[in-house]
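Me: I would like to go through the terms used for this structure and ask what each one rests on. Please set each value against its cut-off.

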Amino acid sequence: MNHTRWRLARERAAVDGYTEPAEVLAEREQIRLAHDLGQLVYDRRTALGFSQPMLAERLGMTVGEVEAVELGGMLPVTADLLVRLATALQVSVDLHVVSDGHNTVAFGERAA
């Protein structure tokens with residue numbers, strides 16, 4: 001057996017004409033967005049010099065919940081969470097949603 005070109009199950013299925021159900025694709029997109037948001041929160045928190053307990057207090061959350069957000073495990077990402085993060089981290093949150101599933105989330109400077 002030649003193992004020089006192994007393929008992931010998803011790659012193999014795509015070649016065979018299989019497409020994932022819309023629910024699976026939507027869940028993958030939620031997970032990706034949560035991960036991206038978590039990285040943004042971590043980067044901003046450390047840039048501000050906040051500890052996880054400090055951010056938890058500003059958000060009205062537990063330290064475990066802040067850790068979950070930073071690890072991308074806070075699903076689903078809600079509008080309430082985005083508003084609370086914007087306030088606590090002193091940023092604007094830009095969520096760009098498009099029909100093809102390539103959604104993005106970014107932090108910007110808060111408008112004066």
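**Terms and the values behind them**

Reply: Leaving aside neighbours within four places in sequence, T104 is in contact with L33, D94, L95 and H96. The model is a predicted one.

Me: Where is T104, and what makes T104 partly exposed?

Reply: T104 is found in strand 2. Its relative accessibility is 41%. Partly exposed lies between the limit for buried, under 20%, and the limit for exposed, over 50%, so T104 at 41% counts as partly exposed. In space, T104 and L37 are 9.1 Å apart, C-alpha to C-alpha, with their positions 67 residues apart in sequence.

Me: What does the protein chain contain, and in which order do the elements run?

Reply: The secondary structure comes to five helices and two strands. From the N terminus on, the order is α-α-α-α-α-β-β. Of the 112 residues of the chain, 25% count as buried. Among contacts between residues at least 6 apart in sequence, 51% join residues at least 24 apart.

Me: Why is N103 called buried?

Reply: N103 has a relative accessibility of 9%. Buried means under 20%, so N103 counts as buried. N103 is in the loop between strand 1 (91-96) and strand 2 (104-109). Not counting residues up to four places away in sequence, N103 touches E29, R32, L33, H96, V97 and V98. A polar atom of the N103 side chain lies 2.8 Å from the backbone nitrogen of V98.

Me: Is E70 buried or exposed, and how do you know that?

Reply: E70 has a relative accessible area of 12%. The limit for buried is under 20%, so E70 is buried. Its place is in helix 4 (residues 63-70).

Me: What makes the pairing of the side chains of E70 and R45 a polar contact?

Reply: The distance given for the two side chains is 2.5 Å. A polar contact is a pair of N or O atoms within 3.5 Å, where one must be able to donate a hydrogen and the other to accept it. The value of 2.5 Å fits the distance limit, and the pair is listed as a polar contact. Apart from residues up to four places away in sequence, E70 touches G38, Q39, V41, Y42, R45, Q52 and L55.

Me: Why are helix 3 and helix 4 called roughly perpendicular?

Reply: They pack at an angle of about 100°, with their axes 8 Å apart. Angles of 65 to 115 degrees count as roughly perpendicular, and therefore helix 3 and helix 4 are roughly perpendicular to each other. Helix 3 contributes Q52, P53, L55, A56 and L59 to the contact, and helix 4 contributes V63, V66, E67 and E70. By class, the residues of this contact divide into six nonpolar, one polar and two charged.

Me: Why, then, are helix 3 and helix 5 called oblique?

Reply: Helix 3 (residues 52-59) and helix 5 (residues 79-89) pack at an angle of about 120°, with their axes 9 Å apart. Roughly perpendicular ends at 115 degrees, and roughly antiparallel applies over 145. The angle of about 120° falls into neither class, and helix 3 and helix 5 are therefore oblique to each other. The crossing of helix 3 past helix 5 is right-handed. L55, R58 and L59 in helix 3 meet R84, L85, T87, A88 and L89 in helix 5. This contact of helix 3 with helix 5 has five nonpolar, one polar and two charged residues.

Me: What makes V83 exposed?

Reply: V83 has a relative accessible area of 53%. Exposed means over 50%, so V83 is exposed. V83 has its place in helix 5. V83 and L59 are 24 residues apart in sequence and 9.9 Å apart in space, C-alpha to C-alpha.

Me: What is listed for the backbone at Q90 and at the bond from L75 to P76?

Reply: Most residues other than glycine have a negative phi, and most peptide bonds are trans. Q90 is not a glycine, yet has a positive phi of about 55°. The peptide bond from L75 to P76 is cis, with omega near -5°. P76 is in the loop between helix 4 and helix 5, and Q90 is in the loop between helix 5 and strand 1.

Me: Why is Q90 called partly exposed?

Reply: Q90 has a relative accessible area of 34%. That value is neither under 20% nor over 50%, so Q90 is partly exposed.

Methods
Residues numbered from 1 in each chain as written. Predicted model: local features only at pLDDT ≥ 70, side-chain atom pairs only at ≥ 80, totals over all residues. Heavy atoms only, no water. Axes fitted to C-alpha atoms, helices over the stretch in contact; angles between N-to-C directions. Helix = DSSP H or I, 4+ residues; strand = E, 2+ residues; numbered from the N terminus. Parallel < 35°, antiparallel > 145°, perpendicular 65-115°, else oblique. Left-handed = near helix turned anticlockwise from the far one by under 90°. Contact = heavy atoms within 4.5 Å. Nonpolar A, V, L, I, M, F, W, Y, C, P; charged D, E, K, R; others polar. Buried < 20%, exposed > 50% of the residue type's maximum accessible area, 1.4 Å probe, protein only.
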